[in-house]
Amino acid sequence: MAAPAAARAWLSRCLFSLLLGLAAAAGGAAPGGACGCSASRGRGDPREAAARRYSAAASGGRSAGRTPMVAIPGGVFTMGTDEPAIQQDGEWPARRVHINSFYMDQYEVSNEEFERFVNSTGYVTEAEKFGDSFVFEGMLSEEVKADIHQAVAAAPWWLPVKGANWKHPEGPDSSISNRMDHPVLHVSWNDAVAFCTWARKRLPTEAEWEYSCRGGLENRLFPWGNKLQPKGQHYANIWQGTFPTNNTAEDGYKGTAPVTAFPPNGYGLYNIVGNAWEWTSDWWAVRHSADEVHNPSYCYRYRCAARSQNTPDSSASNLGFRCAADTLPELQ
């Protein structure tokens with residue numbers, strides 16, 4: 001599986017909402033309800049800065065965001081749950097939400113896609129600028145761990161690793177050379193917005209994300225139903241074994257899996273849970289009205305209702321994203 005616990009995304013909500021793309025272990029939530037990093041590293045309001053910076057690249061050259069998109073039909077669904085597994089995450093109450101039709105990336109943004117973006121624009125991620133990022137301890141080499149002398153008190157399995165970034169997910173002695181089809185990690189909300197803008201797309205709202213996750217099903221725990229492993233089959237890359245000390249990798253992956261792995265949900269979306277937490281565009285909130293709403297903007301953590309949060313400049317080894325769009329970028 002991929003690293004445990006994390007977020008749907010920044011805004012993953014002032015924290016931005018992090019929607020669970022990732023399979024976290026029950027009770028293994030990272031600090032701040034997200035990926036192990038809770039405090040912002042201190043900058044001004046970044047909500048539009050990344051988008052403004054890369055709008056020129058997005059409009060001036062060809063789009064390199066080649067991830068195929070799936071048409072998501074508009075409709076009404078029950079968002080959240082009246083039986084929250086993690087009370088503090090604001091998964092409740094269940095409320096009826098109307099969604100307009102839109103498009104969603106079929107896959108998480110991969111290392112290959114993100115590399116194309118970086119090569120085209122010269123973009124430098126925030127983890128690269130800061131010089132470190134958070135990594136799940138179980139993925140680190142003994143050499144890297146020997147140089148780390150601090151951890152997150154609430155989740156000591158998350159360690160700040162110097163040199164960890166999207167190109168070196170487990171620190172300087174790691175590489176993505178054999179993981180180009182895996183989800184890009186260590187991307188902040190700002191990084192995700194920059195990529196989506198360049199690709200003539202945007203981040204999905206939390207409501208769009210959860211609606212897409214459910215794949216047309218109502219009141220089900222997972223994108224495929226209520227059973228985690230129907231007929232013994234693995235449908236997502238999640239933690240197996242005793243968290244955080246023993247990952248048996250029964251699903252075939254100790255870390256991330258290719259973005260095309262595992263069966264898609266009813267809308268044809270792959271790895272919409274498991275693999276990595278996915279950023280959304282909304283600010284974090286834990287109080288929700290039960291009133292019916294239209295197009296709101298706003299593990300047992302591998303359920304569609306699972307959510308978490310982080311600051312917009314934070315990154316970790318379980319944070320990725322996928323993009324959405326109102327119309328197909330090729331038609332704009």
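This report describes the fold, the nonpolar cores and the aromatic pairs of a predicted model.

**Overall make-up**

The protein chain contains 6 helices and 14 strands. Of its 332 residues, 59% count as buried. The accessible surface of the protein chain is about 12,900 Å², and carbon and sulfur atoms account for 50% of that surface. The structure holds 0 disulfides. Two cysteines can be noted here: Cys-196 counts as buried because its relative accessibility is 1%, and Cys-323 is buried with a relative accessible area of 0%.

**The nonpolar cores**

The largest nonpolar core has 32 residues, and the members that touch the most others are Phe-114, Phe-117, Trp-158, Phe-195, Leu-203 and Phe-321. At least two residues of this core come from each of helix 2 (111-121), strand 6 (132-136), helix 5 (189-198) and strand 10 (277-279). Helix 5 gives the most, with 7 residues. A second core, separate from this one, has 20 residues, including Val-70, Ala-236, Leu-269 and Ala-324.

Phe-114 lies in helix 2. The residue is buried, with a relative accessible area of 0%. Which residues does Phe-114 contact, leaving aside its neighbours within four places in sequence? They are Val-109, Thr-125, Trp-166, Val-184, Val-187, Asp-191, Phe-195 and Phe-321. For one of these, Phe-195, the C-alpha atom is separated from that of Phe-114 by 7.5 Å, although the two residues are 81 residues apart along the chain.

**Aromatic pairs**

A pair of aromatic rings is described by the distance of the centres and the angle of the planes. A search of the whole structure finds 19 aromatic pairs. Two of them are set out below.

| Pair | Centre to centre | Angle between planes | Class |
|---|---|---|---|
| Phe-117 and Phe-195 | 5.5 Å | 80° | edge-to-face |
| Phe-136 and Trp-239 | 5.4 Å | 85° | edge-to-face |

The pair of Phe-117 and Phe-195 links distant parts of the chain, since Phe-117 is in helix 2 and Phe-195 is in helix 5, 78 residues apart. Phe-117 and Phe-195 are both buried.

The pair of Phe-136 and Trp-239 is edge-to-face because the planes of the rings stand at 85°, which is over 60 degrees. This pair also links distant parts of the chain: Phe-136 belongs to strand 6, while Trp-239 sits in the loop between helix 6 (206-214) and strand 8 (241-242), 103 residues apart. Phe-136 has 2% relative accessibility and so counts as buried. Trp-239, at 10% relative accessibility, also counts as buried.

Ring pairs also build a cluster, which is made up of Phe-114, Phe-117, Tyr-123, Trp-166, Phe-195, Trp-198 and Phe-321.

**Strand 6**

Is strand 6 enclosed by the rest of the structure or exposed? Strand 6 is largely enclosed, because 4 of its 5 residues are buried. Strand 6 is joined by 5 bridges to strand 7 (residues 158-162), and the two run antiparallel. Within this pairing, Asp-132 stands opposite Lys-162 in strand 7. Strand 6 is also one of the elements that supply at least two residues to the largest nonpolar core.

Definitions and conventions: Residues are numbered from 1 along each chain as its sequence is written. This is a predicted model: local features need pLDDT of at least 70, side-chain atom pairs count only at pLDDT 80 or more; totals for chains, interfaces and linings use all residues. Side-chain values use heavy atoms; hydrogens and water are left out. A nonpolar core is a set of buried Ala, Val, Leu, Ile, Met, Phe, Trp, Tyr and Cys residues joined through side-chain atoms within 4.5 Å. Buried means under 20% relative accessible area, exposed over 50%, partly exposed in between (1.4 Å probe, protein chains only). Accessible areas come from the Shrake-Rupley method with a 1.4 Å probe; for residues, only the protein chains shown count as cover. Rings of Phe, Tyr and Trp (its six-membered ring) pair if their centres lie within 6.5 Å; planes under 30 degrees apart count as stacked, over 60 as edge-to-face and the rest as tilted. Two strands pair if DSSP finds at least two bridges between them. A disulfide is a pair of cysteine sulfur atoms within 2.5 Å. Contact means heavy atoms within 4.5 Å.
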